[in-house]
2 protein chains.
Amino acid sequence: MLKCNADLDMAFQALGDPTRRAIVERLAAGPASVSDLARPLPMSLPAVMLHLKVLEESGLVRSEKVGRVRTCHIDPKMLSHAERWIGERREMWERNLDRLGAYLDATKPEKEE
Amino acid sequence: MLKCNADLDMAFQALGDPTRRAIVERLAAGPASVSDLARPLPMSLPAVMLHLKVLEESGLVRSEKVGRVRTCHIDPKMLSHAERWIGERREMWERNLDRLGAYLDATKPEKEE
DNA sequence: CTGATACTTAAGTAAATGCTTAAGTGTAAT
DNA sequence: ATTACACTTAAGCATTTACTTAAGTATCAG
C-alpha cells in the first residue's frame, strides 16, 4: 500500500542521527579513514563502525580497504536523491499556495470589469 | 562535542519512515484532516496520530483544530532547512572533487607550455 | 436528549537502535 | 619473530519506536 522507497527510508534515517550527520559533514571535506572519523567522536570505535555501516547501507557513503586502513568517502548520488525528494514536495506545496492565491484573486474581486 | 541540531535530527528522522513520507506526500497536494490522512494507511488511527505527532514536533507539519476536525498542512520552512543541509554538503563534496581535478591538471601534465 | 463522528489518551508489547566491553583478524614496522 | 596498529566481530544491555486494543472526550446532526 505504501510506495516502497527503501533507499530513501534508509538515507533519511541515516541522516536523522547527529553522529552520522557529523560523519557526513566531515566526509564532505574529503575522504577519511575510520580512525580519523572516530577520533573526534565521543564513543567507542565499534560504535562508529556501526554508524558507518548504516551510512554505507543507505548508499550515502562508500569505502574501500587497502592494507589495514579503510578509507571512506561520500557518494553524492543518494544525497542528490534525498535532496530532490524534499525539493519536489516543497515545490508541490508552493504551487498549491500559488493556485489558491490565483483562485482567490479570480473569485473574490468585486470591482472587476 | 557534536553540533546540536536537534531540529534536523527530528526532521530527518521523521522523513525516514515510509508512513510519514506518505503523509508528507499527501499533504504536499494540500491540507487534509487526520481521518483523510489515515484512510489510505494500513494501520489504526491512533498509530497515524503518533506519526502526525512526530511530524509536528519535527516542524515539518502543522495543524489546527476547528470543531471536531483537525486539519494538517505542511510547514515548508523545515523542508527547506533539511533540503539546504543536504545541498550544502553535496556542494562541498563537489567543490572538493573540482579542487582535486584542478590539482591533478596542474601537476601531472607533461606536455605543458 | 441520543447517537454518530472525529479525534485523543492510556496501557501494553515486540522489535529495532545505539551503545558498551572483550576478544578476535589481518597488515605493517622493528 | 614480536609488537603495534587499524579495524572487525560478538555478546549483551538500556532505550526508543511503531504499533496494538480499549476506553475516553468533545462536537454535531436529528
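Is B:Cys72 buried or exposed? In this predicted model, B:Cys72 counts as buried because its relative accessibility is 1%. Buried here means under 20% relative accessible area and exposed means over 50%, with partly exposed in between, using a 1.4 Å probe and protein chains only. A:Cys72 is buried too, at 2% relative accessibility. As for disulfides (pairs of cysteine sulfur atoms within 2.5 Å), a search of the whole structure turns up zero over all chains.

A few ground rules help with reading the rest. Residues are numbered from 1 along each chain as its sequence is written, while chains are lettered from A and ligands numbered from 1 in the order in which they are written. Because the model is predicted, local features need pLDDT of at least 70 and side-chain atom pairs count only at pLDDT 80 or more, whereas totals for chains, interfaces and linings use all residues; side-chain values use heavy atoms, with hydrogens and water left out.

Next comes DNA strand C. A residue is near a strand if one of its heavy atoms lies within 4 Å of it. There are 22 residues around DNA strand C, and A:Ser44, A:His51, B:Ser35, B:Arg68 and B:Arg70 come nearest. Sugar or phosphate accounts for 67% of the strand C atoms within 4 Å of the protein, and bases for the rest. Polar contacts are pairs of N or O atoms within 3.5 Å. In chain A, side-chain N or O atoms sit 2.5 Å from a phosphate oxygen of strand C at A:Ser44 and 3.1 Å from one at A:Arg20. From chain B, a polar side-chain atom of B:Lys65 lies 3.3 Å from a sugar or linking oxygen of strand C.

Helices (H or I, at least four residues) and strands (E, at least two) are DSSP runs, numbered from the N terminus. Two or more residues each come to the surface near DNA strand C from α2 (18-28) and α4 (45-57) of chain A, and from α3 (34-38), α4 (45-57) and β3 (69-74) of chain B. The largest share, four residues, belongs to α4(A).

DNA strand D also has 22 residues around it, the closest being A:Ser35, A:Arg68, A:Arg70, B:Ser44 and B:His51. Phosphate oxygens of strand D lie 2.6 Å from a polar side-chain atom of B:Ser44 and 2.7 Å from one of B:His51. On the chain A side, a side-chain N or O atom of A:Lys65 is 3.2 Å from a sugar or linking oxygen of strand D. Here α4(B) gives the most to the nearby surface, with four residues.

Definitions and conventions: Polar contact = N/O pair within 3.5 Å; in protein donor to acceptor, adjacent residues only side chain to side chain.
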